[in-house]
Each structure stands twice: as structure tokens, then as C-alpha cells.
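Hello,

I am passing a structure on to you, and I have written down what turned up in it so that you can follow along. Please open it first and then read the notes beneath.

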Protein chains: 2
Amino acid sequence: MIDPTERKGHPDLSLPEAEKRGVYHAIYTRRDIRREFLPDPVPEEVLIRLLKAAHHAPSVGFMQPWNFILIENPAVRQELKRVVDKERKAAAIVFESPRSEKFLSLKVEAILDAPVLIGVTIDPAREGPFVLGRLSDPDTDVYSASCAIMNLWLAARAEGIGMGWVTIFRREDVQGILNLPYHVKPIGLLCLGYVREFPQRPMLETEEWAYRQPLSKHVFVDGWGRQEGPFWDSISKDLDKKDVWPWER
Amino acid sequence: MIDPTERKGHPDLSLPEAEKRGVYHAIYTRRDIRREFLPDPVPEEVLIRLLKAAHHAPSVGFMQPWNFILIENPAVRQELKRVVDKERKAAAIVFESPRSEKFLSLKVEAILDAPVLIGVTIDPAREGPFVLGRLSDPDTDVYSASCAIMNLWLAARAEGIGMGWVTIFRREDVQGILNLPYHVKPIGLLCLGYVREFPQRPMLETEEWAYRQPLSKHVFVDGWGRQEGPFWDSISKDLDKKDVWPWER
């Protein structure tokens, strides 16, 4: 199997240049879209590509704990909108003034506007009680389902489709509406559809709610808070440097 | 802002064809790599690209709860290897025979072999107690950090770099070794490096431990378990169809 001519240096398994750029392009220009979805329907073959991309996510012990519930019935959608609205109002009270008013002024979901609405759930009991890699950390099913959503999101961006991941709801409310077994956890309502633009900056930044932190704050070497030594000196200087990508020229 | 000529049909914001293909290429050929890392070092500029890709993941309320701890000190690496090994042995006992022997025969981590080792952590206290979108579901910080790891993983695949996400450890052990505050949760030890190949199928499938499930089992319409109606009939027939992608020809 091992070609001795390859022993020096590694074989180049990187994607072709344009494909590689595409991965970064999707990562950098993906946005959490909450408004201005266009009414144009998403073709079924595109929706299926997105679901397949999600299904090809990694999962702990290959347990594939996810389910995707496509919302077709407008009455179900209305019910979801109602409980999200309820939770939004409750959250506003918790935030207190002036954060409360600011929060209520934000459009945080597009449950009714997005042509496609998908409820994503986790079944922690899938594949039985002892899943490889999950014994020491039961949250690993959550990691897996989140990865599936991330895959779906990047595929959507590649297709020119915007997505917003809504988590403003009570688990029990969504369980009731979607008829979920009690042990199945809804982790998101995904709003999807074509958009007129992918904004340059995250909405929460434009709205001055929160800001992108310098990456250098979040990188350590060998232990929490450790930012010293030759390796740190060498790597840290470029962590916050803005790359110039073709799509930003 | 709205160009009236665009009112009919949506503007095409999909990525250029090759870039779009790149996103799917990375998603479909990414593997959880646990063995046969090549010793070739990962250049610092590539490592930085991967960390930046992770940092551009979505996060709930833009809280960016992640930290990346680059392991440079061989003694720290040895310590991590020791606690992962301990947990692996404990897991084998829980699995019971014959699953136990099979599990022990699998190579489930490359802590010592991978040129790059990164501990990823979640700080649930980041950005204060009330983070937008997190009030109803405190696990949303876990979703965010998982998305960061997924971004990093796909960027790595694009760069020809293999990655394995190791979760076989006790939180308290890794907290001790990496000097984490008690509230900070380690969610993975990422083993990264160049590889000779990305296997066609997941290792757990090749090893007959677990199998990819048909996607159609995991898609419902309007509620748990509901697989009926014209929309279901139309969409379900293609959910399990294998796509022919250029890299599979």
C-alpha cells in the first residue's frame, strides 16, 4: 500500500484549488439569516442535497442521532411561531431594560417567512446505551447533531440559500407540537430560503449587540491562559491578521 | 436596495460551480482519522487558517464560547495519552464481551502520533449570564463549539489534512492537565496531520462496528414518525439514492 517514492513528504490530498477556496468561501460568508427570505421555493433536489450533507456529518460511535422534521403544514408552522414568540417575550423580560427593548427590536426568527422550515432533533437512545466514545461524555450526541446542522448550513451557503438556526423555544412546547417522544430533544428550528444577499457582517454585530472577538484571545499553548514561549510568539502574530480572499477584493 | 428587475426569481448567490462542488467534496470525503498520520509537520500558516475557520463558526448570541489549546509540550501530550488510555480501558469493561475485545482492537486515537494536537474547550460563562438565544437552552454553547470544530474539520479536509475528534477522556482529568477553570468544559482532543489517504468509508463501518443508516429513516414530515402524504411521497424516493459525484467516478 505504501509507495516508497512517497516516503519523503506527504501525498497532496488537498482539494483542487477552486474547491478548497469554496470551503473557505462558504465558511466565511455563511450568515445566520433571520429576515428578508425570498418567497422562491427551494427545489426538492436541492433540499435533498442539504439533508444528505447533514447526514454525512461525523457522529460519535457512528450513532447518527439526528432527525429532520420537515414542516409542511401551515398550522404546525403557526404553532411553532406562537411558542417561539412566547419565549421571545419571556426572554425580553429576563434581559431587562435597555437590553430588553433592543432585543425586542431585533428580528430573531423567520418561522413564517422562510420557504423551508426544518425541526432538528436528537435521539440520545439511538444505537443503545453504550455508544463508542459516548461513555465518558453523554453530550457527544449533541456534538454530532450540531455538526450535522453545520454541514447543512455550509451546503446551503454553497447553494445560495440562507439559513437561520432558531433556539428560542421551550423544549416541552416543541416536543408537544412535533409529537416528540419525551427523551428526544429538539435542538433547532432551521429557517431556510433564497436570499437577496449574505450580509458582510453578522446581524448581531451590525446591530451592535455583540462583536467578533480577536481569535488571539481564544488560543492558548499547553494550558489554560498560557500565551508565552517561542511557539506562541511565532503563531500569535498572525492569528488576528485579516486574510484577503478573492471574494473580498 | 431592491432591484425591481430581480423581483422575479432570486439572484443567484450560489458559489461558483467548482467552489460549490468543493463544499460537498469536503463534506463527503471527510473522515474521522485515528491512525496512519504522517509525521510531516503542518505549516503554521495552514494551522492558522484552520483556527480562523473554526473561529468563523456561528455561535449563539455571538458568544464565541470556544478556546483552542495547542499542545506543544510532549509531557502534556503524554499526560493526555495516559488519561485517554485509562478511559479506554474503563470503557472496554463497560462494553462487555465480545464488544469489549473488539473495542480494544480498534485504534481510537492518535494522541501521540498526530503532528498537531488541539484541546477544544467551552466557556459557558463567556459574555455574561444572559446570552441571546441561550436562555431557553443552555446547551447552545455546546452547539456553537461543535460547529467550530466542524468548520475546522472541513477546512482541514480541504487542505488534505486528516483529523480525529477524541472524546474518550474524563472531563476532570483533562481539566487538571490543561489547568482549566472548573466551569470550562473540554469537548475534544483534536488529532491533526497529513495522511496518506482518506478512506472511502468510515472506520467504524469498515470494522463492522456500526453502519450508515438510510437517511429516509431519519426524515419526517410535520411530526415525529410521520412519513406520509404527497410531500413525503415525492421527497422520500430520493433520500437514499446515492449521488454520483465527480470524485467518485
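The notes below go from the two chains as a pair, to the surface between them, and then to the core.

Please keep in mind throughout that this is a predicted model. When chain B is laid on chain A, the RMSD is 0.0 Å, and the operation needed is a turn of 180 degrees with a shift of 0.0 Å along the axis. The two copies are thus related as by a two-fold rotation axis.

Turning to the place where the chains meet, 101 residues of chain B are in contact with 100 residues of chain A. Helix 1 (residues 17-29) of chain B supplies eleven residues, the largest share of the side of chain B that touches chain A, and by class that side has 59 nonpolar, 23 polar and 19 charged residues. Because 99% of the interface residues of chain B are also interface residues in chain A, the copies meet through the same surface.

The chains also share strand pairing, since strand 1 (residues 66-70) of chain A pairs with strand 5 (residues 219-221) of chain B in the parallel sense, over three bridges. Within strand 5 of chain B, V219(B) is the bridge partner of F68(A).

Finally, the largest nonpolar core has 145 residues, and C191(A) and C191(B) are those with the most contacts inside it. From chain A, this core draws at least three residues from each of domain 1 (32-198) and domain 2 (210-240). Leaving aside residues up to four places away in sequence, C191(B) touches several residues, among them F37(B), I111(B), L117(B) and M163(B).

Best wishes

Definitions and conventions. Residues numbered from 1 in each chain as written. Chains lettered and ligands numbered in written order. Predicted model: local features only at pLDDT ≥ 70, side-chain atom pairs only at ≥ 80, totals over all residues. Least-squares fit on C-alpha atoms with pLDDT ≥ 70 in both. Contact = placed C-beta atoms within 7 Å. Core = buried A, V, L, I, M, F, W, Y, C linked by C-beta atoms within 7 Å. Buried ≥ 20, exposed ≤ 12 C-beta atoms within 10 Å, placed from the backbone. Domains from an automatic or database assignment. Helix = DSSP H or I, 4+ residues; strand = E, 2+ residues; numbered from the N terminus. Nonpolar A, V, L, I, M, F, W, Y, C, P; charged D, E, K, R; others polar. Pairing = 2+ DSSP bridges.
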